[in-house]
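This report goes through side-chain contacts and burial in one protein chain. The sequence and the model come first, and the notes follow by topic.

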Amino acid sequence: MNNLDIFHAVCGLSSKMVTEKYSTSFARASTLFKPEIRQHIYNIYGFVRFADEIVDTFHGYDKAQLLDEFENSYSSGISKGISLNPILHSFIRTQQEKNIPQHLVDSFLASMRMDLGEIRDLNDYKYNEYIYGSAEVVGLMCLKVFVDGNDEEYEKMKPYAQSLGAAFQKINFLRDIAADYNDLNRTYFPEVDFRKFSLADKNKIEADIAKDFAHAFVGIKMLPISSRIAVFMAYKYYMNLFRKIRNTEPDMLLTKRIRVSNARKLYLFGEMMLNKNLNLV
């Protein structure tokens, strides 16, 4: 291994560490990917996670400036094919190797920039634009890795990947209402007044999510075995979270963050491993 290979490896380990430290459940599900896929998923996760942290977490800092610096470093790295930021370098390698279209990355960064402004009273167009950029394109980036350059398979499964990303994001919105509304002054859902968040409002959002999930499940069954089990694991985790949210009263969502317990996550993972070994998935 030469020094450049060592640099690539160190950058890849950095993305893996970001995944493991920020999301134990996603990191656990990622172990179900075939080895040739796993590192690319870490690289995508690290990139989107750091951008998301800039706009959601780094309070007390100039978030706009930090996002500008992040984007400029990315642009410089993509043009040179190398970045001294290990997270950006890992992602750039994945983007170039798996031919992830630039417009997907641009849409993602545009949605992150939307979070720097006022996210309130979005109309349907702006809501769908945000969902596409913040979540659907991430699913499409991953799909590029899953199909390994097969454009026909990518186009066939593209709508299902978008539905899965949308479902995950909308569940995150419901899960994080308390923090988004009370702390960050954000209201993503169109025509919903959280000062009088009703069961009818909640039911309407949940029906939309259920539709996304049903559509996405069709696509999961079409994925190559190298990625299908891991994606199904993420699907099962979010379905469990969705069930808990459905069983929670609207006013409770405004005061607490709903989560799946660590014990339940471990059970789901163990169940998936058993199904995998019995070839039931």
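## Aromatic pairs

F232 is buried, with 17% relative accessible area. The model is a predicted one, and 22 aromatic pairs are found in it. One of them joins Y74 and F91, with a centre-to-centre distance of 6.2 Å and 50° between the planes, a tilted arrangement. Y74 belongs to helix 4 (residues 63–80) and F91 to helix 5 (residues 86–97); the two are 17 residues apart, and the pair links distant parts of the chain. Y74 is buried, at a relative accessible area of 2%, and F91 is buried as well, at 0%.

F232 also takes part in a pair, with F217: the ring centres are 6.0 Å apart and the planes make an angle of 45°, so this pair is tilted. Here the contact runs between helix 10 (residues 199–220), which holds F217, and helix 11 (residues 225–246), which holds F232; 15 residues separate the partners, and again distant parts of the chain are linked. While F232 is buried at 17%, F217 is partly exposed at 28% relative accessible area.

## An aromatic cluster

Which residues join F217 and F232 in one aromatic cluster? The other members are F168, F213, Y235, Y237, Y238 and F242. Of the cluster residues, F217 lies in helix 10 and F232 in helix 11.

## Salt bridges in and around helix 8

Side chains of opposite charge can pair when their charged atoms come close. A search of the whole structure gives 16 salt bridges. K156 and E153 form one of them, with an N to O distance of 3.1 Å. Both residues are in helix 8 (residues 151–175), and their spacing of 3 residues is about one turn of the helix. K156 counts as partly exposed because its relative accessibility is 44%; E153 is also partly exposed, at 22%.

Another salt bridge connects K170 with D212, where the closest N and O atoms are 2.7 Å apart. K170 is in helix 8 and D212 in helix 10, so far as the chain is concerned 42 residues apart, and the pair links distant parts of it. Both K170 and D212 are buried. Elsewhere, D56, D115 and R186 are linked in a network of salt bridges.

## Two contacts of K144

K144 has two contacts to report. In the salt bridge with D151, the closest N and O atoms are 3.5 Å apart. K144 also lies over the face of Y154, at 4.4 Å from the ring centre.

Are the two partners in the salt bridge buried or partly exposed? K144 counts as buried, because its relative accessibility is 8%. D151 is partly exposed, with a relative accessibility of 48%.

## Cysteines

How many disulfides does the structure hold? The number is 0. A disulfide is a covalent bond between the sulfur atoms of two cysteines. For C11, the closest cysteine sulfur is that of C142, at 19 Å, which is too far for a bond; the cut-off for a disulfide is 2.5 Å. Seen from the other side, C142 is in no disulfide, and its nearest cysteine sulfur is that of C11.

Both cysteines have low accessibility values by the criterion used here, under 20% for buried. C11 is buried at 2% relative accessible area, and C142 counts as buried at 13%.

## The N-terminal segment and a surface patch

M1, I6 and V10 make a nonpolar surface patch of about 320 Å². M1 lies in the segment before helix 1 (3–22). With a relative accessible area of 76%, M1 is exposed.

## A contact across the chain

Q39 is found in helix 3 (residues 35–56). The C-alpha atoms of Q39 and S90 are separated by 9.0 Å, although the two residues are 51 residues apart along the chain. Q39 counts as partly exposed, at 30% relative accessibility.

Methods: Residues are numbered from 1 along each chain as its sequence is written. This is a predicted model: local features need pLDDT of at least 70, side-chain atom pairs count only at pLDDT 80 or more; totals for chains, interfaces and linings use all residues. Side-chain values use heavy atoms; hydrogens and water are left out. Patches are made of residues with over 30% relative accessible area and no salt bridge: like charges are joined within 9 Å, nonpolar side chains (Val, Leu, Ile, Met, Phe, Trp, Tyr) within 5 Å. Accessible areas come from the Shrake-Rupley method with a 1.4 Å probe; for residues, only the protein chains shown count as cover. A salt bridge is a side-chain nitrogen of Lys or Arg within 4 Å of a carboxyl oxygen of Asp or Glu. Helices (H or I, at least four residues) and strands (E, at least two) are DSSP runs, numbered from the N terminus. Buried means under 20% relative accessible area, exposed over 50%, partly exposed in between (1.4 Å probe, protein chains only). Rings of Phe, Tyr and Trp (its six-membered ring) pair if their centres lie within 6.5 Å; planes under 30 degrees apart count as stacked, over 60 as edge-to-face and the rest as tilted. A charge sits over a ring if NZ of Lys or CZ of Arg is within 6 Å of the ring centre and within 35 degrees of the ring normal.
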